[in-house]
Every structure is written in C-alpha cells, then in structure tokens.
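Welcome! Let's take a short tour of a protein and its DNA, one part at a time.

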2 protein chains.
Amino acid sequence: MMASSGTGPRRVTIDDVARAVGVSRQTVSRALNDKGEIEASTKQRVLDAALELGYRPSRFARGLVRQDTTSVGLVIPDLLNPFFTEVAAAALEAARARGWHVVVYDTGDRVEEERGTLEVIASQVDAVVGYLTLPEDEIDKLTRGLPVVLIDREQRAERFSAIRIDGEAGVHAAIRHLVDAGHRHIGMLDHAARSEPSIRHTWFDAAMSACGLDSGTVSRADQSIEGGENALERLLAEHPDVTAVFTFNDIIAIGALRAARRLGRQVPQDLAVIGFDGLRLGTLVEPPLSTVALDTRELGALAVEEAGRLLTRSGPLSHDEAAVKAELRLSGSA
Amino acid sequence: MMASSGTGPRRVTIDDVARAVGVSRQTVSRALNDKGEIEASTKQRVLDAALELGYRPSRFARGLVRQDTTSVGLVIPDLLNPFFTEVAAAALEAARARGWHVVVYDTGDRVEEERGTLEVIASQVDAVVGYLTLPEDEIDKLTRGLPVVLIDREQRAERFSAIRIDGEAGVHAAIRHLVDAGHRHIGMLDHAARSEPSIRHTWFDAAMSACGLDSGTVSRADQSIEGGENALERLLAEHPDVTAVFTFNDIIAIGALRAARRLGRQVPQDLAVIGFDGLRLGTLVEPPLSTVALDTRELGALAVEEAGRLLTRSGPLSHDEAAVKAELRLSGSA
DNA sequence: TTGAAAGCGGTACCAA
DNA sequence: TTGGTACCGCTTTCAA
C-alpha cells in the first residue's frame, strides 16, 4: 500500500517507532539522543526498532525546537574560477571553526541564476555571503532583511556590509616597479564583463600618472585564460611598442603569459606581466607570476566574521577592518 | 531590554507581526507568500510591519509543514585540490538542476574532521555525497540510514552506493603508448596516504606485465605538487635509468614536471610523464600533461543522480552505470 | 524510569 | 477577504 500525498512513502516518524516498541515518543527521543533516564534494555529495543523501520529524525522538526545550528549561504559566480575556489575554501574553513553549515550556490556567471538563488535562499539560511552582481535594491528586495555580506563589491555598498579589496597601494607599487625597470609603454588588460572600467583600472590610471606617464592603452578581457590570451593579442597588435602589462586578475595574466609565448615574446625580457589576486595557480606557471597579491583566506574569514556580527547584532566591522590589502609580490614575470 | 535565553534577542515570529498589524497570523502568512485572498491594503500593512519588525520566517517551521526542499551534504577532503574542485562544481551544477541545496564540508584531509562532519550532518541534510576515507562500518554508524553515495571508493563498497572510476583500460593504453615509444624503464609515483598500493597501482602493474615488462619501480608521493616533486627526485636518484613515469594523479604529475625541469630533464624527450584525472590544470602547464582522463562533470552528476535514486527509492544505478571511464588523452608530456 | 502535555513557528483547510 | 483550528515532527518541562 502506498501512503499519502504523492511524494513517495510517508516518512517514518518518532511516533511510528514509539508504537512499534510500545513506549511513548519521549522515550524514543531519549534513546536516540543519548539522554540518561532510560533503561538500557529499553534503549536498545528502541534503537533496534528505529534502525529496523529506517527512522530518521526530521531536521526541520528538530531545528524548530532546539534553535541552534546556523547556516550561511555562499553565492559565487563560478567555483572553477580559482579565485572563487580560494575564497570558498577560506569561507568554509572559517565557518567550520564556528560550527556553521555552508550552503554553496554556483550561479555559473548567469544573472538569472543569481536572482533565482537569492529568491530561494532566504528560506534556507540565516545569512548570505557572496560575490553578487545584481544592483543593491534588487538584492534587497530578494533577501528581505536577511543579513548579507558582499565580497569585493566595487561600487560602494550602501545598504549591505561588504569586504573590500584595497589594492591601490599595491597597484601603485606594481607600476612604479615597471617604470623603474625602464618600461614606458605599459598596457592594461581590464575585464570586460561590466560596462564601466574597474576600480583596478582606476588605480592603474592613477599610478600611471603618478609616475608621469600618459594613461596606458587598455584592452578588455573576458575573465578566463582564453580571454587573457585574446586580449593580449589584440593589445599587442594595435600597440606593438607595449613592453609591460598589468592585468585585472591572475587568470587574465596567465592567459597573457600563454599568448606571449605563442607570439614569441619572452617574459619578462620582451614583455613584463603583473597580475592581481595572488592565486596559488600563479606560482605554478612559467615563469611564475608577479602579482598584486591579496590573502584570500583573510578575505573569506572576514566575510564570515562579518556575517557573524550581523547575526549577533554585535556591530559590523569598521570601514578599515572590512578590507584586505593587496600588495605587490614580485616573481618571474616582471 | 534583552530577552529570553542568552542566545540574543528573541526571534520575531509571525504572531508578533500579526499582533502589530491587528490581524491573524494566517493573514500575515498570505501576505508574505503572495497568496491571493487578501486585500491589497491589508497586505501592504502586513509587509510594512514585517519589514519594520525585521521579521523573517523560520526555515525550520516552514520546512516542517511544506515538505519540499531537499538538501544534500557534499563531503570532500580539500576543496583546493583541483580534482575536488571540479567534482564539487559538477555536483553543484547537477544539484542545481534538481533544485537541491548543497551543504559543502571540507574536512581538510583530517579524519577527525570527517568524523565530526558525519556526526553532525545527519541532522542537516537528506543525503550525503562524498569522498570518504573512514571505514564503512564507521560511516554506517555515524550516518544511521542516511542515503550515502561514495565517490571513487577504491575498496569495493559493500553497504553504500558508490561511483567508481574505471581506468583499467586507460592505464593499459598509457603504458602501451610508452612502451611503443621505446620506453622500457617505467616508474610510477603512487600516492602515499593509504597503507596499501592504490588500485591505479594495480592497473599499472597489470599493464606493465601485459606489455612484457617487469613491474616498474615505484615511489610514493604526497597528494600535492611538492609531493610529486619530491617523489620524482627520489625515484630518479635511485633509478636514473627510468625514462617515463605514470603518476597516481595529475597533481603529482605536475610536481614531477617541475622536478624534471629542475633536474634538467627535458619532458618528454628525457622523461615522459603521464598523469591521471584529466584536470583542466594539466592543460595549463608546460608541456601540457598527457593523462588518463575522466569526466569529472559526469562523476559529480552521477553521484547526485545516485543520491536522487536513493532518496526516491527508485533503484540504484547498476554496477556498470555507476562508473566513469578514464581514457588516455595524449598531449605534450608523453 | 516513563509518560502526558505544551510548545517551537509556520501553513492548510475549513468556516465565517 | 478574513480568522479559527488542526497539525507538521520533535524536544522540553513536569507528573506519575
């Protein structure tokens, strides 16, 4: 006989177990939760019956009554992008330290998926941490008061907490380094996704003029290795005199490295490359990548920390605390 | 004034909102869930009050009554290990397609963390998918009837569903390829974590003898790039005549590539290297890695599929279906 | 040691 | 359009 409402067999409840053993449900509860106040033999009979019947307590019922367990949603555009892999790993680690559960959502770089995720997430988690691209008012509408921590939101976040990446000094140091090495024609591979130039681009421009150079030539790259390859090829085709490039991130930089090799340009002799992020991956390529590096573990940890503060209403991080610094880390490519 | 039981302010319930507006809780529920049967003005008043009071519905209470939403736990040893990154991304994608939520646990390669995770997971998810290292009876004890799908469990899983990696033919093809290229002294870098040789090692031995060669020399490597570097150095120090190596996985192979470069051995001329897994990362290194490749997306998808079958009791995948084939993919390194 | 009853915070079904 | 009531499945008092 099938039971109930279409969604497969009715679930086995604590009452079923109690009935089978001929005890009350409290007794079952005691047995299952290793409370004392129960005779060993009774406990064993309950446990046996529970196993027999395939009983498993409802997490909702349990969660409803003992209000512990907090879980946060982690929303990222693409887990296979090493930057987000590192951030996710860091967030998982920080959450584990607090005994939190992390529900991960990979939106696959699609806005509709981000929207869909936010729509459904409110009923699943106590707070959201994420790299979100939707406008703030839309996020607000979808999350309805759920604590939200934005990661690396370039536009100043007005209504939400955010962990910023402060790479201004790092980028300045990077350009200064290139200039000191004699480079005069420095290009940038910015990322193409957004309509306006990135903040990193702004930092680049400022650093260039601080070094007395005209603003460099810029090519836009998809956030992928192929994107970096294509962008560098375009840049060099139009401006063959460029001898150094700064890139929006390490992924693009690695693409640039590959393109340079293909074009027969030796790095760093013929072309110097400096990335941004400081990914582990950058240490594996040849030559190892010079980059404006940030501590992704700290980034993830801060985001989780801030979520915790919002949850306990213990006051958000200060503007300065809510940022990770990115600093120049020289290696083989520049 | 602080309220109640130490765990911060008492939560705002639907009754609080109802009271504030002067309606019943059902009316509040209707307003919040966009049901019809409510006057627009009433709805607005409710929504305003809810926002005002900072009301957010309890996911437990809601989940308790409408028994939809399934969530699975994904347990992996190390998200930063690219193999698991790919598997996780694949699992997330497959889960998203079904509207499932995925709670991710990174045990950091520590058994105690794996145990702790399993202990707590039963009350959080409807099923577990994971790369688990604990013995089956212990997993059984900790998960107590929760559907469990093991990924790439080398020992034949008796009590649990598992998705296997079938690389026997692929490894055979790899060794055959090396032999055809003239290699006679072929080594293997197996992984060091477990006490017994891996199945991949077994395949290697079988392939070697099928090619009429004595079983190759083996060095054991930690599952990391450094591990691969060290292991290759040891192997070549003891057996300088080795001209080709097969490795437990791509990570170790990439380490081997780096060590070879450092030792002044040209790849593939002086040393041929073939990995296992077919990671995206392998295409980025120089030379690009030849490898016995499997489809990690399929691996993740199958695991989720199997979890779904267990959940709906619709019969597990057959032994053949529950495996992904790994096949030789030649590239620059061999 | 065991059981009865009262919630936990919602939604669904009915009657008003 | 609204409200009353039962109930989802479990744990926590409090009596027995």
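## Reaching the bases

An N or O atom in the side chain of R30(B) sits 2.6 Å from a base oxygen of DNA strand D. Such a polar contact is a pair of N or O atoms within 3.5 Å; within protein, one must be able to donate a hydrogen and the other to accept it, and residues adjacent in sequence count only if both atoms are side-chain atoms. The side chain of Q26(B) also has an N or O atom 3.2 Å from a base oxygen of this strand. At S24(B), a polar backbone atom is 3.0 Å from a phosphate oxygen of DNA strand D.

## About the model

This model is predicted: local features need pLDDT of at least 70, side-chain atom pairs count only at pLDDT 80 or more, and totals for chains, interfaces and linings use all residues. Residues are numbered from 1 along each chain as its sequence is written, chains are lettered from A and ligands numbered from 1 in the order written, and side-chain values use heavy atoms, leaving out hydrogens and water.

## Around the strand

Which residues come nearest to DNA strand D? Of the 30 around the strand, they are I14(A), R25(A), Y55(A), T27(B) and R30(B). Of the strand's atoms that come within 4 Å of the protein, 62% belong to sugar and phosphate.

## A buried threonine

Is T291(B) buried or exposed? T291(B) counts as buried because its relative accessibility is 1%, where buried means under 20% relative accessible area, exposed over 50% and partly exposed in between (1.4 Å probe, protein chains only). A polar atom of the T291(B) side chain lies 3.3 Å from the backbone oxygen of G275(B).

Key
Near = heavy atom within 4 Å.
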